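Here are some comments on the model you sent. Please read them with the coordinates open.

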Amino acid sequence: MDYFNAPGRNHLFVPGPVNIPDQIIRAMNRNNEDYRSPAIPAMTKTLLEDVKKIFKTITGIPFLIPTTGTGAWESALTNTLSPGDRIVSFLIGQFSLLWIDQQQRLKFNVDVVESEWGQGAKLDVLESKIASDTSHTIKAICIVHNETATGVTNDLAKVRQILDSYRHPALLIVDGVSSICALDFRMDEWGVDVAITGSQKALSLPTGIGIVVAGPRAIEASKHAKSLRVFFDWKDYLKFYQLGTYWPYTPSIHLLYGLRAALDLIFEEGLENVIARHSRLGKATRLAVEAWGLKNCTQKEEWYSDTVTAVLVPAYIDSTEIVRRAWKRYNLSLGLGLNKVAGKVFRIGHLGNLNELQLLGCLAGVEMILKDVGYPVKLGSGVAAASAYLQDTIPMIPSRI
Amino acid sequence: MDYFNAPGRNHLFVPGPVNIPDQIIRAMNRNNEDYRSPAIPAMTKTLLEDVKKIFKTTTGTPFLIPTTGTGAWESALTNTLSPGDRIVSFLIGQFSLLWIDQQQRLKFNVDVVESEWGHGAKLDVLESKIASDTSHTIKAICIVHNETATGVTNDLAKVRQILDSYQHPALLIVDGVSSICALDFRMDEWGVDVAITGSQKALSLPTGIGIVVAGPKAIEASKHAKSLRVFFDWKDYLKFYQLGTYWPYTPSIHLLYGLRAALDLIFEEGLENVIARHSRLGKATRLAVEAWGLKNCTQKEEWYSDTVTAVLVPAYIDSTEIVRRAWKRYNLSLGLGLNKVAGKVFRIGHLGHLNELQLLGCLAGVEMILKDVGYPVKLGSGVAAASAYLQNTIPMIPSRI
């Protein structure tokens, strides 16, 4: 049986891990297999080819590393940079902070550009740093595409435009953990050199694959990088790609079959339709928050995230109590406010395999919780605002027309 | 992959089959086993003992027949009655109609007491029939406890009171398919002689077990009944109970393990708490229907069902279009209006393992569908009415306090 059992289905609305579709659960419901048998390389080959599509790259080389998003970060850094190399990183929330912490602990020279939590990366500061870096000491820009802690999405096209306008050769390394397969991500068009994501976010799998896609410039850089790495070394993977057996060590058989099912589902729905669905869910959530009279932590519309909404609560309310109440009474899992925004925000995750009625059930629950903690919400107001928008925008299900 | 795939989770709100909890799904995720091994009798023994608890009987003998609710009906009739025997049955909706059809096809002499759909059984007519049956030609009362087609619940205590007040020996045979484990059911207290349910209703299992519990009077009657039966014969089961191997033929190993998990979940939540939860969901649904300005098919409050609500739509709306729209656009499954009420009602099932936020997501979806088909619903009105009631009544989750 489960621990902390509750009736009905748990409503999983943290921004990761996310709900896993039954088809993916079933694909992973299997015994182990010999990863040196012909079956696994054959499947791996299809996965590597198809993963490029969700990153929108034709030139990138993917690595499916049995790790988490944090491990994918480390792989991206240690394969392309040497200790002491200068990095520009943007501290805008908890996850960008953690990545910077990792960069410092790996002995890179990190130039931290800090924003208030709820704001995006200060690209004007980036521009002035790039403009003055005539000797090209900056080796990489490390930027989180979507900051999960605050619900802020950065403009990567703008970063590329800045680098190109100054003809700066710095690598562009992007954390797409809470964006890829939910928000639009154009690796080749934006000239992203390394892009990463984790399996437990919009791909809707269990934790356990850190997906890293390296562009040609990053592969070239990896030949000269002096950072120490073995487990995360791309070179070992490339050697086994050449050999046609793909795996330098044992992968999770289950997650590979799960990834196959996940990609099939994404292509069946259509990546553009997946992105549009996330956009609808994000907009619906923001409309509800506005109807409740609460504020979005995201301070400018241009930074709104369609994968997570961080909701600011008034000073007399502890947002942690909202999360706790959701779990204890409503079988609902909401994201906590982290670090600087602890107690000040709660987060509604709306990414992965999620449909509109699931979200509306969550929003109705949040209304009851707000009332439980003494906030004067008008019951039904947020749900009505979201429903009114969704009723105009939800497409028919193509397989059922 | 699935047929007719759609994003997110399907919202299953037909009144059967219902959502299966993950714990039950996992319990059934197994290979086959030898049903003549010591393991299966050992488990079966515990199941037979525990099933009595959900029927609230200490004297009844359960049979776990690998069949559906319709098969359980047939087992109840053929084991206790002989062809030509006089039965009083109540036609109040589609499922009671189907049972009467079965009774007639098995050559019983059925005295049909008919009500309008949306009404309960006419117990005054029953009383007059019992009063005038001084020679006790009526051998059985066959009554559906909860008519799934109309959302009507009959008062079984009243039936027993009528029989007792006239000292009439007729057997009381009750269809509890859409009531047992959701509504209160007191087999011994109400003097029910045979009670049946199906695994795919409130027990929240796949279809495949027709559960029949026979009281001592019914077991006695089965020794004299001349109806032909082999597959459904209780005598074969009783023989194998004596032998300690329980099964006269092969059971579904998976459904037995599933039933074990289902019973464990029910006892963990507490049967009275399960009943209270269904009462909350039923009341919340009726409040929403009222807020929408629509009518409940159930004509009197005393007949309201807490497992299904049949919603009448205005004449200019085809309720079948509501069900179709739910499936095609919202990934929501609602019950059709059947037979006499086809096109006039749609049904919202609220039984089994279901929590409040799941229901609220469904209600929010129905609001959008009503707007889609041109009904002037005020978005959020039904959700607000339901939420206001639920926010006052939802208990904390005991495992999480």
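The points below take up the contact between the two chains and then one annotated residue.

1. The model is predicted, and the comments that follow should be read with that in mind.

2. Chain A and chain B each bring 58 residues to their contact. About 5300 Å² is buried between the two chains, and carbon and sulfur atoms give 56% of that area. On the chain B side, the residues that lose the most area to chain A are R9(B), L357(B) and R400(B), which together make up 16% of what that side buries.

3. As for polar interactions, 29 residue pairs are in polar contact between chain B and chain A, counting pairs with both residues at pLDDT 80 or more. The rule finds zero salt bridges across this interface.

4. Five elements of chain B give two or more residues to the side that touches chain A: α1 (22–27), α9 (253–269), α11 (319–329), α12 (356–372) and α13 (381–393). Of these, α12(B) gives the most, with 10 residues. By residue class, the chain B side divides into 25 nonpolar, 19 polar and 14 charged residues.

5. UniProt lists R347(A) under "binding site", in an unreviewed entry. The residue is part of strand β14 (residues 345–349) of chain A. R347(A) counts as buried because its relative accessibility is 6%, and the cut-off for buried is under 20%.

6. Which residues does R347(A) contact, leaving aside its neighbours within four places in sequence? Among them are F13(A), P15(A) and F95(A), as well as T148(A) and A149(A). The list also includes V308(A), T309(A) and A310(A), together with L334(A), G335(A), L336(A) and L338(A).

Definitions and conventions
Residues numbered from 1 in each chain as written. Chains lettered and ligands numbered in written order. Predicted model: local features only at pLDDT ≥ 70, side-chain atom pairs only at ≥ 80, totals over all residues. Heavy atoms only, no water. Contact = heavy atoms within 4.5 Å. Buried area = accessible area lost by both parts, 1.4 Å probe. Salt bridge = Lys/Arg side-chain N within 4 Å of Asp/Glu carboxyl O. Polar contact = N/O pair within 3.5 Å; in protein donor to acceptor, adjacent residues only side chain to side chain. Helix = DSSP H or I, 4+ residues; strand = E, 2+ residues; numbered from the N terminus. Nonpolar A, V, L, I, M, F, W, Y, C, P; charged D, E, K, R; others polar. UniProt positions renumbered as here; feature names shortened; annotations may be inferred. Buried < 20%, exposed > 50% of the residue type's maximum accessible area, 1.4 Å probe, protein only.
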